[in-house]
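Let's take a walk through this protein together, with the sequence and the fold side by side. We will start with an unusual backbone spot and work outwards from there.

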Amino acid sequence: MAKEVFVGIDISKKQVDVHVLPDNQAFSCSRNQKGLRSLVKFLKEVSPVLIVLEATGGYQNLVAAELGGALLPFCVVNPARIRNFARAIGKLAKTDAIDAYVIARYGEAIKPQPQVLPSQDQIAMKEHLARRRQLVRMCTAEKNHLSTVSTASLKVRIECLLQTIEEEIGAIDNELDGMIKTDPDRFEKDRLLQSVPGVGPNTSRTLLADLPELGTLNRQQIASLVGVAPMNRDSGLMRGKRKITGGRPSVRNILYMATVASLRFNPRIAPFYRRLRESGKPPKVAMVAAMRKLLVMLNAILKSKTPFEEVLA
């Protein structure tokens, strides 16, 4: 029986550390095109079942692109999961080489699903949305500064900066709209998503870029993926409060804002939220339930390719 090979890769700014199981091979190479080409050549020779990377502030993107381009099976894992796993197996020391070993052990034990490398358009949308969120935060900060400044010359400077930021946000919105309009599949999904009351252009863009799985999973899977599925906290006779955890913060944040709008305009979400509150559910519990209901609705609409008006009929 052929042995299954698992590879863990720890990534830093200038190099990657690699550990291969079950042979316990360990080495490092530069995080540049030459180093990564040699890494890909080696990995093709050992034919791993799975290569696990730790998300490292964006440094993993170049490595993931090289692995995906070579059609090697890989996945990117949240660093918190790796550290929790390291503690569980008693690996408290932390060096790049140890981290690569722990990541390989994680892949061998947990066997997370390999991921599909996003297209260049998908990457561009994600980067545009990330930049838009940065600019919105900058805009909010400058508006707060403006409200506290009394010097006229400083007020003028802040107002000029605000105008520049708002123009940049508008330019990014136009580019995002262009990316959607030039892709027929994405354009149709955008139309279906925005048919739902409470879902506007920014919500739709975020879902299309950061949640490409929407419309392909069942209701439990999509809720867990986003992080709006409450997890049990029970032990013996103790019954703890169920809490949401994990997921994708960018999607969950925009889903919250869409749900707030839906409490006014969506004929399915608003009465559902009111019933929960009238039955004694705390506001946060009712809001999370409404978020989950909206997400499941959007998932079903994309899966059935049916706009909200026809679903409601």
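Begin at K111, which sits in the loop between α4 (96–110) and α5 (120–148); helices here are DSSP runs of H or I with at least four residues, strands are runs of E with at least two, and both are numbered from the N terminus. The phi of K111 is near 50°, a positive value in a residue other than glycine. Most residues other than glycine have a negative phi, and most peptide bonds are trans. K111 is partly exposed, at a relative accessible area of 45%. The scale used here calls a residue buried under 20% relative accessible area, exposed over 50% and partly exposed in between, with a 1.4 Å probe and protein chains only.

Before going on, a word on what you are looking at. This is a predicted model, with residues numbered from 1 along each chain as its sequence is written. Local features need pLDDT of at least 70 and side-chain atom pairs count only at pLDDT 80 or more, while totals for chains, interfaces and linings use all residues, and side-chain values use heavy atoms, with hydrogens and water left out.

Now step back to the whole protein. Its secondary structure comes to 13 helices and 7 strands, and the C-alpha trace spans about 60 × 60 × 45 Å along its principal axes. Of the 313 residues, 39% are buried. Contact means heavy atoms within 4.5 Å; among contacts between residues at least 6 apart in sequence, 59% join residues at least 24 apart.

Next, turn to the sheet. It is an open one of 5 strands in the order β3-β2-β1-β4-β5, with mixed pairing; two strands count as paired if DSSP finds at least two bridges between them. The edges are taken by β3 and β5 (74–77), each with a single partner strand, so one side of each has no neighbour in the sheet. Neighbouring strands are turned by 20° against each other on average, direction ignored. Such angles run from 0 to 180 degrees between N-to-C directions, and axes are lines fitted to C-alpha atoms, for helices over the stretch in contact.

Follow the chain through the β1, β2 and β3 part of this sheet. Strand β1 (residues 6–11) runs antiparallel to β2, and 6 bridges join them. They form a hairpin with 3 residues in between, and D10 has D17 as its bridge partner in β2. Strand β2 in turn pairs with β3 (residues 25–30), again in the antiparallel sense and over 6 bridges; here the partner of H19 in β3 is A26. How much of β2 is enclosed by the rest of the structure? Largely, because 6 of the 7 residues of this strand (residues 15–21) are buried.

The loop between β2 and β3 deserves a closer look, as P22 has its place there. The peptide bond from L21 to P22 is cis, with omega near 10°. In the same hairpin, which has 3 residues between the strands, N24 takes a positive phi near 60°.

Helix α1 (residues 33–46) lies across β1, β2, β3 and β4 (50–54), at about 150° to β3. In strand β4 you will find I51, which counts as buried at 0% relative accessibility. Leaving aside neighbours within four places in sequence, I51 is in contact with V7, I9, L43, L67, L72, P73, F74 and C75.

Finally, visit the C-terminal helices. Helix α11 (residues 269–278) and α12 pack at about 150°, with axes 9 Å apart, and are therefore roughly antiparallel, a label for angles over 145 degrees (under 35 is roughly parallel, 65 to 115 roughly perpendicular, the rest oblique). Residues making this contact include F272 and L276 of α11 and A286, A290 and L294 of α12. T259, in helix α10 (residues 249–265), is buried with a relative accessible area of 0%. Not counting residues up to four places away in sequence, T259 touches I269, M287, A290, M291 and L294.

After α12 comes K305, with a positive phi near 55°. K305 lies in the loop between α12 and α13 (308–312) and is exposed, at a relative accessible area of 60%.
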